[in-house]
Amino acid sequence: MMDLRTEERQALDEYIIKKIEDRGVSLQQIGELTYFLQEKYYKDLTVDDCVHNVKAVLLKREVQNAILTGIQLDELAEKGMLDFPLQDMIAKDYSLYGIDEILAFSIVNVYGSIGFTNFGYIDKVKPGILRELDIKDDSKSVCHTFLDDLIGAVAAAAASRIAHSGKFD
Ligand code: MG
């Protein structure tokens, strides 16, 4: 069945992509992460195929909700608008905070358990844009505490979507 999306939903779909791009990450860069995860399993896979799957992941409501929430918290932390002690925890990316990863799980969860393995792996290796997001520049008040996990999770979910589709077997 064709997915008939209301205008309101389509506007939200576009807003999510714009929001991610405004935070300095392109769909191409997320697709490259997915490619990094899947290239060894599917020899005909291209980065374009991966970007296509990233776009499909970004249409899911659970995914959109997680992205909206996480990016909002990063932005509030940049503006110093959160209350103590959360302000410091998020702005300084305290390693024991952990809610950034928990939120990202809600994205990975959409495509089942393969997603968790992919997410854990990419979060450890931090290729491409994940490395860039991880570099802290204390001279600028930039906060990517949630964004790095959200992006890694979207890439991992897209990788799982490819694995489940069987299209590249
Ligand atoms: Mg994080």
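**Exercise 1. Classify the surroundings of D93, and describe its backbone.**

*Solution.* With 18 C-beta neighbours inside 10 Å, D93 counts as partly exposed, because a buried residue needs 20 or more such neighbours and an exposed one has 12 or fewer. The structure in question is a predicted model. The next step is to place the residue: D93 belongs to the loop between α5 and α6. The last step concerns the backbone, where D93 shows a positive phi of about 50 degrees although it is not a glycine.

**Exercise 2. Determine where K126 lies, what is notable about its phi, and to which exposure class it belongs.**

*Solution.* Begin with the position: K126 is part of the loop between α7 and α8. Turn then to the backbone: its phi is positive, about 45 degrees, although K126 is not a glycine. Finally, count the neighbours. K126 has 16 other C-beta atoms within 10 Å and is therefore partly exposed.

**Exercise 3. Describe the peptide bond from F84 to P85 and the setting of these two residues.**

*Solution.* The bond from F84 to P85 is cis, its omega being near 0 degrees. As to location, F84 is in the loop between α4 and α5, and P85 lies in the loop between α4 and α5 (86-91) as well. For exposure, F84 has 7 other C-beta atoms within 10 Å, so F84 is exposed. A distance completes the description: the C-alpha atoms of F84 and V25 are 29 Å apart in space, with their positions 59 residues apart in sequence.

**Exercise 4. Determine the element and the exposure class of E132, and give its C-alpha distance to V25.**

*Solution.* E132 is a residue of helix α8. Its neighbour count is 13 other C-beta atoms within 10 Å, and E132 is therefore partly exposed. Along the chain, E132 and V25 are 107 residues apart, while their C-alpha atoms are separated by 9.9 Å.

**Exercise 5. Characterise the packing of helix α1 against helix α4.**

*Solution.* First, consider the geometry. The axes of α1 (residues 7-22) and α4 (residues 61-78) come within 11 Å and cross at roughly 40 degrees. The two helices are therefore oblique to each other. The handedness follows as a separate item: the crossing of α1 and α4 is left-handed.

Next, list the residues. On the α1 side, L12, I16, K19 and I20 make the contact, and on the α4 side Q64, I67 and I71 do so. Sorted by class, the contact of α1 with α4 contains five nonpolar residues, one polar and one charged.

**Exercise 6. Characterise the packing of α2 against α3.**

*Solution.* The angle between α2 and α3 is about 110 degrees, and their axes are 8 Å apart. This makes α2 roughly perpendicular to α3, because angles of 65 to 115 degrees fall in that category.

The meeting residues can then be read off: α2 contributes L27, Q28, I30, G31, E32, T34 and Y35, while α3 contributes V47, C50, V51, N53, V54 and K55. By class, the contact of α2 with α3 has seven nonpolar, four polar and two charged residues.

**Exercise 7. Characterise the packing of α7 against α9.**

*Solution.* The axes of α7 and α9 are 8 Å apart, and the helices pack at an angle of about 135 degrees. That makes α7 oblique to α9. The crossing of α7 and α9 is right-handed.

In α7, the contact is made by I114, G115, N118, F119, I122 and D123; in α9, by G152, A153, A155, A156, A157, A159, S160 and A163. The contact of α7 with α9 comprises, by class, nine nonpolar, four polar and one charged residues.

**Exercise 8. Describe the largest nonpolar core and the elements that supply its residues.**

*Solution.* In soluble globular proteins, nonpolar side chains tend to be buried together. In this model, the largest nonpolar core has 42 residues, and L150, I151, V154 and A155 touch the most other members. Two or more residues of this core come from each of α2 (27-38), α3 (47-57), α4, α6 (99-108), α7 (113-125), α8 (128-134) and α9 (147-165). The largest share, 12 residues, is given by α9.

As a final step, examine V154. Leaving aside residues up to four places away in sequence, V154 touches I30, V54, V57, L58, V63 and I107.

Technical notes: Residues are numbered from 1 along each chain as its sequence is written. This is a predicted model: local features need pLDDT of at least 70, side-chain atom pairs count only at pLDDT 80 or more; totals for chains, interfaces and linings use all residues. Axes are lines fitted to C-alpha atoms, for helices over the stretch in contact, and angles run from 0 to 180 degrees between N-to-C directions. Helices (H or I, at least four residues) and strands (E, at least two) are DSSP runs, numbered from the N terminus. Angles under 35 degrees count as roughly parallel, over 145 as roughly antiparallel, 65 to 115 as roughly perpendicular and the rest as oblique. A crossing is left-handed if the near helix is turned anticlockwise from the far one by less than a right angle, and right-handed if clockwise. Two residues are in contact if their C-beta atoms, placed from the backbone, lie within 7 Å. Ala, Val, Leu, Ile, Met, Phe, Trp, Tyr, Cys and Pro count as nonpolar, Asp, Glu, Lys and Arg as charged, and the others, Gly among them, as polar. A nonpolar core is a set of buried Ala, Val, Leu, Ile, Met, Phe, Trp, Tyr and Cys residues joined through C-beta atoms within 7 Å.
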